[in-house]
Structure formats: C-alpha cells, structure tokens
Amino acid sequence: MKNDAASSPEFACPIGPVVDIVFSRWTTPILWTLHTHGRQRFVEVQRRIASITPKVLTQRLRQLERDGLIVRTYHPEVPPRVEYEISELGRSLAPVFAHLTDWATANLPQVAQAREEYDAQP
C-alpha cells in the first residue's frame, strides 16, 4: 500500500481539517456565543451554554485559543479576571455560519421529512 501525501484524507477532502477544528461538538456553540455576545468571562460563556461542563468548556477554550480562533485576556487583579473573545480569525468564520444558518432554515424541514419517510419503511 502506498503511504504518501496523495493518499492522506486531507487531499481526499480538503475541508476535513476545518470540520475537525470548527465543527466539533462544543466549538460551534462557543464561537457562536462569543461572536454574538462579545467578550465574556468563563462563567458567562458557561451560563449561555448551560449543558457544557466546566471541564469540557476549559478544554475547548484552550483548544480554540491554541487554534487562534479566540483570544484569552488575563487581568492581574484581585481577584484575577480572565476574559475570552473571538479573534479576527474566528470572526472570519461568520460567513460560513451565515451560509449554514440559511441552509438549515431552507433544508432542515426536508431532512426531517426524509428521516420520517426512512424510519416508516418496513
């Protein structure tokens, strides 16, 4: 079997790495929240995404900071304050989210109907 760059999944589907980065379970709601509501503290993000655990939120925020999609600002006060905001790179995803929102509005009813028809088959 040939093991070269041409056989890598990224060449088969060039958006694969983007999907892994941007569309993991919690990344999209975090980015959406930061884009919609601006700079926020950890507890504010957690309140807006009620079903996420603090541990998972911490992990995702770190990964998003590592990927350059958010900016973490530490304020050396007493008590210390940390804020998160979407970065310019993260904001560049807004058109992608807008297109997906339009697609969802136009097509999710058809998806629901197709599922019902499929599930009704013997």
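Arg39 is a good place to enter this predicted model: at 44% relative accessibility, this residue counts as partly exposed. Its salt-bridge partner is Glu83, with N and O 3.4 Å apart. Glu83 lies in strand β3 (residues 81–86), while Arg39 sits in the loop between α3 (27–37) and β1 (40–41), so the pair ties together parts that are 44 residues apart in sequence. Unlike the partly exposed Arg39, Glu83 is buried, with a relative accessible area of 14%.

Glu83 also meets the side chain of Arg81 in a salt bridge (3.0 Å, N to O). Through shared partners, salt bridges join Arg39, Glu77, Arg81, Glu83 and Glu85 into one network. Within it, Arg81 pairs with Glu77, the closest N and O atoms being 2.9 Å apart. Arg81 is partly exposed at 21% relative accessible area, and Glu77 is likewise partly exposed, at 36%. Over the whole structure, five salt bridges are found.

The wider setting of this network can now be described. Seven helices and three strands make up the secondary structure, following the order α-α-α-β-α-α-β-β-α-α along the sequence. The C-alpha trace spans about 65 × 45 × 25 Å along its principal axes. The radius of gyration is 19 Å, whereas a compact globule of 122 residues would have one near 14 Å. Buried residues account for 22% of the 122. Of the contacts between residues at least 6 apart in sequence, 46% join residues at least 24 apart.

At the surface, the protein exposes about 8900 Å², with 58% supplied by carbon and sulfur atoms. As for charge, the mean positions of the 14 positive and 14 negative charges are 9 Å apart.

Methods: Residues are numbered from 1 along each chain as its sequence is written. This is a predicted model: local features need pLDDT of at least 70, side-chain atom pairs count only at pLDDT 80 or more; totals for chains, interfaces and linings use all residues. Side-chain values use heavy atoms; hydrogens and water are left out. Helices (H or I, at least four residues) and strands (E, at least two) are DSSP runs, numbered from the N terminus. The radius of gyration is taken over C-alpha atoms; the globule rule is 2.2 Å times the number of residues to the power 0.38. Buried means under 20% relative accessible area, exposed over 50%, partly exposed in between (1.4 Å probe, protein chains only). Contact means heavy atoms within 4.5 Å. Accessible areas come from the Shrake-Rupley method with a 1.4 Å probe; for residues, only the protein chains shown count as cover. Lys and Arg count as positive and Asp and Glu as negative; His and the chain ends are not counted. The place of a charge is taken as NZ of Lys, CZ of Arg, CG of Asp or CD of Glu. A salt bridge is a side-chain nitrogen of Lys or Arg within 4 Å of a carboxyl oxygen of Asp or Glu.
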